[in-house]
Amino acid sequence: MHLDFGAVLTPQYAHWILWGAATSAALFLSSWVLAFASAAVLVAIGSAPFRGARWAVAGFVAYHRNIPMLVQIFVWYFAVPQLLPEPLTRWVNSHNSEFIFAMIALFLNAAAYMSEDMRSGLRALPPAQMEAGRALGLSYLQTMRDVLLPQAVRAALPALVNQSLSLFKATSLAMAVGVAEMTYTSRQVENETYRTFETFAIASLFYVTLSFAIMALGAWADRRNLRAAGH
């Protein structure tokens, strides 16, 4: 078989591929930021001394950890819009609804996993730290935000990096609802050129490169934390 990467890197097809790469990156970054912030909120709520709050967080985590990611995307894209007020539905549909609903499904799923990793990191901390924070006059939320959660994140960093990798790879599932991310645009190029190997070799290179970049960033953060701790 004669390989011809030039056939899939013409200006038109290269533009499609770059657009898909940029969309994948945007989907990952927006989902990650929302997931990380939501996970911190879930940990704070789930650790509060209120049984109802703990049950609500446990139910949220159980749902998102036990329903396939693709099904969650379908629920948000096909089912949830039927429950929204019509003006809101029209607004979402006019502002790239595929991207918005895929992002919501992705970040909620990732938040469930990240919250469990943060909670494990929180459990590794001495319980006396919460009491010390309260003794200093800090509220429960202030103690969680300023004292406990930063340490829990550092303790859970390797697991959070793994969850970040999983989230990045899961962005490819957004193609199922028409998000023009890397897998979607690669499929378009392959349909146009019939150059399957070349097209998906480029897509694979993109995913491998970004995955290694995430791992490298995680390793750098881990080394920085070790130096800060004096190890």
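Helices here are DSSP runs of H or I with at least four residues, strands are runs of E with at least two, and both are numbered from the N terminus. With that in hand, take residues 21–218: the span is 81% helix and 0% strand, and its end C-alpha atoms lie 21 Å apart. That stretch is what an unreviewed UniProt entry annotates as "domain: ABC transmembrane type-1". UniProt positions are given in the numbering used here, feature names are shortened, and annotations may be inferred rather than shown by experiment.

A quick word on what you're looking at. This is a predicted model, where local features need pLDDT of at least 70 and side-chain atom pairs count only at pLDDT 80 or more, while totals for chains, interfaces and linings use all residues. Residues are numbered from 1 along each chain as its sequence is written, and side-chain values use heavy atoms, with hydrogens and water left out.

Now zoom out to the whole protein. You'll find 10 helices and zero strands, so to speak a plain α-α-α-α-α-α-α-α-α-α when read along the sequence. The C-alpha atoms fill a box of roughly 70 × 50 × 25 Å, taken along the principal axes. Of the 231 residues, 40% are buried, where buried means under 20% relative accessible area, exposed means over 50%, and partly exposed is in between (1.4 Å probe, protein chains only).

How much area does the protein expose? About 12,800 Å², with carbon and sulfur atoms supplying 66% of it. These areas come from the Shrake-Rupley method with a 1.4 Å probe, and for residues only the protein chains shown count as cover.

The same UniProt entry type, unreviewed, lists "transmembrane region" for residues 16–43, 55–79, 99–115, 155–180 and 200–221. Try two of them. Residues 55–79 are 92% helix and 0% strand, with end C-alpha atoms 25 Å apart. Residues 155–180 come to 58% helix and 0% strand, and their end C-alpha atoms lie 36 Å apart.

Next, the aromatic rings. A search of the whole structure finds nine aromatic pairs. Rings of Phe, Tyr and Trp (its six-membered ring) pair if their centres lie within 6.5 Å; planes under 30 degrees apart count as stacked, over 60 as edge-to-face and the rest as tilted. In one pair, the ring centres of F28 and F168 are 5.6 Å apart and the planes meet at 80°, so this pair is edge-to-face. Because F28 sits in helix α1 (residues 11–46) and F168 in helix α8 (residues 157–170), the pair ties together parts that are 140 residues apart in sequence. Both F28 and F168 are buried.

F168 has another partner, Y207: the ring centres are 5.6 Å apart with planes at 55°, so that pair is tilted. It links F168 in helix α8 with Y207 in helix α10 (residues 196–228), 39 residues apart. Is Y207 buried or exposed? Buried, at 15% relative accessibility. F28, F168, F206 and Y207 form one aromatic cluster.

Finally, look at E116 in helix α5 (residues 97–123). E116 has a relative accessible area of 18%, so it counts as buried. Leaving out residues up to four places away in sequence, E116 touches V61 and R65, where contact means heavy atoms within 4.5 Å. Across the protein, residues 24 or more positions apart account for 77% of the contacts with a separation of 6 or more.
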